[in-house]
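Please look through the structure shown below together with its sequence. The report that follows takes up a few of its parts in turn, beginning with pairs of strands.

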Amino acid sequence: MIIIDFLFLVEHEDREMSTVKRLKDELEKIGCTCVILSTEFHAHLFNRFKVKNIVFPYAIDDSTWPIRAFKIEAFKYSNFITLNWEQLLSKANQDFKKPKSSFIQNHFYHLAWDESFKKFLENNNVKAEHIKVIGNPLHDLLLEDLNNTSVYEEKLRTEFKLKKNSDVYFFPMNYGWAFFSDNKIKAKIKMGYQPDIAYEYREYSQRCLNSFLYFITDLCNENSQNTFVVRPHPSISIEQYIERFKNQGLKLPDNLLLTKKYTIKEWIAISKVIGSSWSTSVWDAQKIGKIGFLYTPFKRPEWLETFWNPLVINISESNEFEKVLNSQNNEVSGVGEVVQSISSWLFDIHSGHSKEKIIKSGVSFEAMNYSYRIRAQLRVFSMEKLKGMGVGKGLQRDYFLPIK
């Protein structure tokens, strides 16, 4: 087994990888060793390392994946850290996402983007001294990409054959629940969602998605000289969206681009407007001075509301899009050297690691069902040899090679 300082676990490559790679670079500059693995594709590699600091994408319940792979022995000798990638929570998500065990409340170090999330954690019994308020690293990276707009303009317009002088409108959509099966809903309920909200969430998402298909088709037809880029939720495939268009009897407009290529950062950089159902990408875009709006064809349930929803433009019909185009947002606020500050915080945690921990640090795989390791190996084999056969289209987007 190889002793390493940091093991970073990544759930969604698009959402997390840019930041995690930057953190890895910063930590390696000061002598730390780091490895980045996927939560869904690399479980068979976890036991190759003795880890001093394990950095998770989230921490809700230690009885669920991926924390369950590490909890029995590793917490005695390793530092457990969560970057908490979802912090702008709706009322329903606040109950679902709250730390649910003493292990997470007492042994994890938590990153918070602001004081309100820190308060949320404290209200759910997380030790205050284990919470660090720094900021959202995505805003720093978005600003950097904004400074490279001309580079992305040329790259993306060339690759996708976009008209040179056309405006680009970006729609990172968050209708994942619209595609959930009954078994998936039951799994969410088992993990903490209230049953009535879980089923209502799917029904509301389906209604909004069906309406959105007509909305985006109308926008494309009314603005044929411009390009509309729709990016499905990370767990949903392009093929699933195409099928929904067919089911509604709609033809995909020529100026509609359905893609999951590149990250939201590149698309936000070159886009004039960013719109979504309720994705936090809209709020992130607003924070760096872009124009953002939410498509809200039906009244948003109270349990889906977040503090920022009413702070951006909400529209319900295509003829209201002109209101979005005529709006302005030139204020950039709340951003700074966030990635550097997070890396410093991680190093401070690491610096408290004793020599005894370095020697004994390791992972007990008694905590992990053997089937997870086999499943991960089969997924990797499929991605490398069988073009992803048997791996969900949405999940394929999160595949990457181990980064050492």
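## Strands side by side

In this predicted model, strand β3 (residues 49-56) and strand β4 run parallel and are joined by 4 bridges, and within this pairing V55 stands opposite I81 in β4. Strand β4 also runs parallel to strand β5 (residues 108-112), to which 3 bridges join it, and here F80 stands opposite F108 in β5.

Which way do the residues of strand β4 (residues 79-82) point? N79 and I81 point one way, while F80 and T82 point the other way, and all of these residues are buried.

## Two nonpolar cores

The largest nonpolar core has 50 residues, and those with the most contacts inside it are F6, F8, L83, W267 and L346. Helix α14 (residues 338-351) gives the most to this core, with 6 residues. Apart from this core lies another one, of 44 residues, which includes Y193, I216, C220 and L250.

If neighbours within four places in sequence are left aside, L346 is in contact with F6, F8, L23, L27, V55 and I81. Two of these names have already appeared in the strands, since V55 stands opposite I81 in β4.

## A helix with a buried face

In helix α10 (residues 238-247), the buried residues are I238, Y241, R244 and F245. Seen down the axis of α10, these buried residues fall within an arc of 120°, and therefore they line one face of the helix. As a general rule, an α-helix has 3.6 residues a turn, so residues three or four places apart point the same way.

On the other side of α10, K246 and N247 are exposed, whereas the buried residues of the helix are covered by parts that include α9 (195-222), β8 (227-231) and β9 (256-258). Just after α10 comes G249, which takes a positive phi of about 70°.

## A threonine in the first helix

Is T19, which has its place in helix α1 (residues 13-29), buried or exposed? A residue is called buried when its relative accessible area is under 20%, and because T19 has a relative accessibility of 3%, T19 counts as buried. When residues up to four places away in sequence are not counted, T19 touches W85, P137 and L141.

Note on methods: Residues are numbered from 1 along each chain as its sequence is written. This is a predicted model: local features need pLDDT of at least 70, side-chain atom pairs count only at pLDDT 80 or more; totals for chains, interfaces and linings use all residues. Side-chain values use heavy atoms; hydrogens and water are left out. A nonpolar core is a set of buried Ala, Val, Leu, Ile, Met, Phe, Trp, Tyr and Cys residues joined through side-chain atoms within 4.5 Å. Buried means under 20% relative accessible area, exposed over 50%, partly exposed in between (1.4 Å probe, protein chains only). Helices (H or I, at least four residues) and strands (E, at least two) are DSSP runs, numbered from the N terminus. Contact means heavy atoms within 4.5 Å. Two strands pair if DSSP finds at least two bridges between them. The arc is that of the directions from the helix axis to the C-beta atoms.
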